[in-house]
Amino acid sequence: MAAHRRSRQRSAGGHTARTAATIALAGAATATGLDGPAHAAPRPTPEQVRADVDTLYRQAEATTEKYNGAKEKAESAERRLRDLQDESARRKDRLNDARSALGSVAAAQYRSGGLHPALQLVLSEDPDGYLDGTALAERAGTRHKAQVGRVRKHLREIEQLRGAARIEAKSLTSRRAEMKRHKETITGKLTAARRLLARLSPEQRAGLTGGIDHASHSSAAPGSVTARAPGPRAAEAVDYAYRKLGSPYVWGATGPDAFDCSGLIQAAYRSAGVSLPRTTYAQINAGRRVARSELLPGDLVFFYSGISHVGIYVGDGRMIHAPNPSAPVRLTPIDEMPFAGATRVS
């Protein structure tokens, strides 16, 4: 009987285990079949995609202006370095001439029976060290002091140029590293934006990116616009911007066929003979600040708290600007973005 009861207990336990397993599997199947789709991440709406893409584009554009600033400084450092190298080469030529003249005098004295200190200078493999380590000018005698002084002066000037060149080379290396970091950030933001846009249908993407204001699109600025410009250079800049409507946005580009926002402004005023800085945060200080109520065609209008976007005002509350990689140079209302300030450069 005891054995029989143990057998029944084992059987009951096995049945209970099988029942529990069956219920668990059924529950898992139910969860997979019914609850799974309900917990899947909902597909973002076009409006949500647009908000996310706009944020990525603004971040990329702010970094683009930092890239442009670093590039401008790198190019400046590169020019200064070349100038220093050129000047150093000219000073070396003068040094060689001075040493040659001094050597001729010293050689004549050597032939007459003495090795003048100046000849040691000419023959030295380290004239810098030789000059620093001896009182050559004093030992050379009154006759040669001026010649030795000229050699010493050229050596010191060359050393100063070398020091300045080392500083510029270090600055150039730093700026190039900064450009690389900014470029990686920009590329990452734009790639993320492209992936978001790829999740939309072609019709939805077209609705987000919009199009050019064809009603106002012409090969030249309307006379009614340029006539209201504060001067001929502003009028020419506005006319240039009109001619570039439809040009693609390319970050870092300054024309003539593609632009980023500050690149378009720089190119427009360059066409009118005005040199503007490369970045938005420098361009806003390039002229006289004007209130929004005083805007005239040709004024530069800036947006966002970080002064990360710029357009050229063309009147009637509108501007021409290079928006982002999803939209070409276009004519839009200035109310599309948070206004940060304006400046007049002519």
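In what order do the 6 strands of the open sheet line up? Keep that in mind, everyone, while I introduce the protein.

What we have on screen is a predicted model. The protein has 346 residues, and 40% of them are buried. Its secondary structure comes to 11 helices and 6 strands. The exposed surface is about 18,900 Å², with carbon and sulfur atoms supplying 53% of that area. Now look at contacts between residues at least 6 apart in sequence: 63% of these join residues at least 24 apart.

Back to the sheet. Reading across, the order is E1-E6-E2-E3-E4-E5, and the pairing is antiparallel. At the edges sit E1, residues 288-289, and E5, residues 330-333, each pairing on one side only. In case this is new to you, strands of a sheet pair through backbone hydrogen bonds, either parallel or antiparallel.

Let's zoom in on one pair. Strand E4, residues 318-321, runs antiparallel to E5, and 4 bridges join the two. Find arginine 318, and opposite this residue, in E5, you'll see proline 333.

Next, the helices that meet the sheet. H10 packs on it, touching E2 (300-303), E3 and E4, and the direction of H10 makes about 50 degrees with that of E3. Helix H9, residues 232-243, lies across E3 (309-315), E4 and E5, running at about 105 degrees to E3.

One last stop: how many residues of helix H10 are buried? The helix spans residues 261-270, and 9 of its 10 residues are buried, so to speak, mostly covered. Among them are Cys261, Leu264, Ile265 and Tyr269.

Thanks for listening, and please do turn the model around yourselves!

Methods
Residues numbered from 1 in each chain as written. Predicted model: local features only at pLDDT ≥ 70, side-chain atom pairs only at ≥ 80, totals over all residues. Heavy atoms only, no water. Buried < 20%, exposed > 50% of the residue type's maximum accessible area, 1.4 Å probe, protein only. Contact = heavy atoms within 4.5 Å. Areas by Shrake-Rupley, 256 points an atom, 1.4 Å probe, with all protein chains shown as cover. Pairing = 2+ DSSP bridges. Axes fitted to C-alpha atoms, helices over the stretch in contact; angles between N-to-C directions.
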